[in-house]
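Let's take a friendly walk through this model, from a pair of helices to a sheet and its cores.

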Amino acid sequence: MPRGTEFGIHATALSKSYGDRRVLDALHLTVPTGSVCALLGPNGAGKTTTVRILATLVTADSGTARVAGHDITAERARVRRAIALTGQFAAVDDLQTGVETLRMTARLAGLTTAEARARADELLERFGLTEAGGRLARTYSGGMRRRLDLAASLVGRPRVLFLDEPTTGLDPRSRQELWEVVRDLREDGATVLLTTQYLEEADRLADRISVLDAGRTVAEGTAAELKSRVAGHRLDLVLTSREAYEALAARAVHHAPDELTLGIPTDGSAAQVRTLLDELDPDRTAVDRFAVRTATLDDVFLTLTGADR
């Protein structure tokens, strides 16, 4: 990070165990103020635990962290006043209307009755829910419920927003609408920590990405930086036999044994592709067909977390 960078989130050596199971193992995480950071990792990597610790819902066994400039242990109340958390499932009361939900949340946040009404109207308009504001939440679609849940999180204008897999279960249109909201929040100067299982989501939204595996940060950087660690491009080979596949598997960064497909790092140039093909298949009997493709976050995820081995 450049010298003088201000951090919305700065965590050092966070560790957490549940019984004999170590969920976080000396995890480090830094998120510059006014940026979006995505946490990637397989199930059980520690993503949700990280969010819960930083949001002061769970206490770490060891390590330190500051959120919005406040220590999460010594200044827990200040942290809570500066943050908002949207979990994996929309926390919406089906028996309240959208307007009632936002006005109630605003009053709980300390706004006056008039301020609560104004803030609710503002958020309903921002999230495209004005026409549906008078309807009970149980009549909302999944995407509308998620937008209402996020609107409620923003009532108090948080400086740091935690989004734990916010688009799970949403259709593609609703997911893209939520992406636009996250971009707007960043433009407004909020710091956003996003956990997601959708690699495209991290690629599109995040300024920086942290890849977690077994409770540790195994890599972090921009999407482009992480892709370059795996390979700028990849030569995908479909092999003619299991024997040919096994013979070349050690050279690959991507393995699809059921399809007899291997991905080999390359710079993407015609000269290197020709050289690789001649080197890997000198008799021209092992490779059935090939394709050159740009490395994706899928490649980063599978390579760095070990899920593709």
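Is the crossing of α3 and α5 left-handed or right-handed? The crossing of α3 and α5 is right-handed (clockwise turn of the near helix from the far one, by less than a right angle). This is a predicted model, in which local features need pLDDT of at least 70, side-chain atom pairs count only at pLDDT 80 or more, and totals for chains, interfaces and linings use all residues. Residues are numbered from 1 along each chain as its sequence is written, and side-chain values use heavy atoms, leaving out hydrogens and water.

The axes of α3 and α5 are 9 Å apart at an angle of about 20 degrees, and the two helices are therefore roughly parallel (under 35 degrees). Axes are lines fitted to C-alpha atoms, for helices over the stretch in contact, with angles from 0 to 180 degrees between N-to-C directions. Gly98, Thr101, Leu102 and Thr105 in α3 meet Leu148, Ala151 and Ala152 in α5 (contact: heavy atoms within 4.5 Å).

Helix α5 also lies across β6 and β7, at about 165 degrees to β6. The open sheet has 6 strands with mixed pairing, in the order β6-β7-β8-β3-β9-β10 (pairing needs at least two DSSP bridges). Helices (H or I, at least four residues) and strands (E, at least two) are DSSP runs, numbered from the N terminus.

| Element | Residues |
|---|---|
| α3 | 98–108 |
| α5 | 142–153 |
| β7 | 160–164 |
| β9 | 208–213 |

Strands β9 and β10 run antiparallel, joined by 5 bridges, and Val211 stands opposite Ala219 in β10. Ile209 touches Ala219 and Leu297, among others.

Note on methods:
Parallel < 35°, antiparallel > 145°, perpendicular 65-115°, else oblique. Lists of a residue's contacts leave out its neighbours within four places in sequence.
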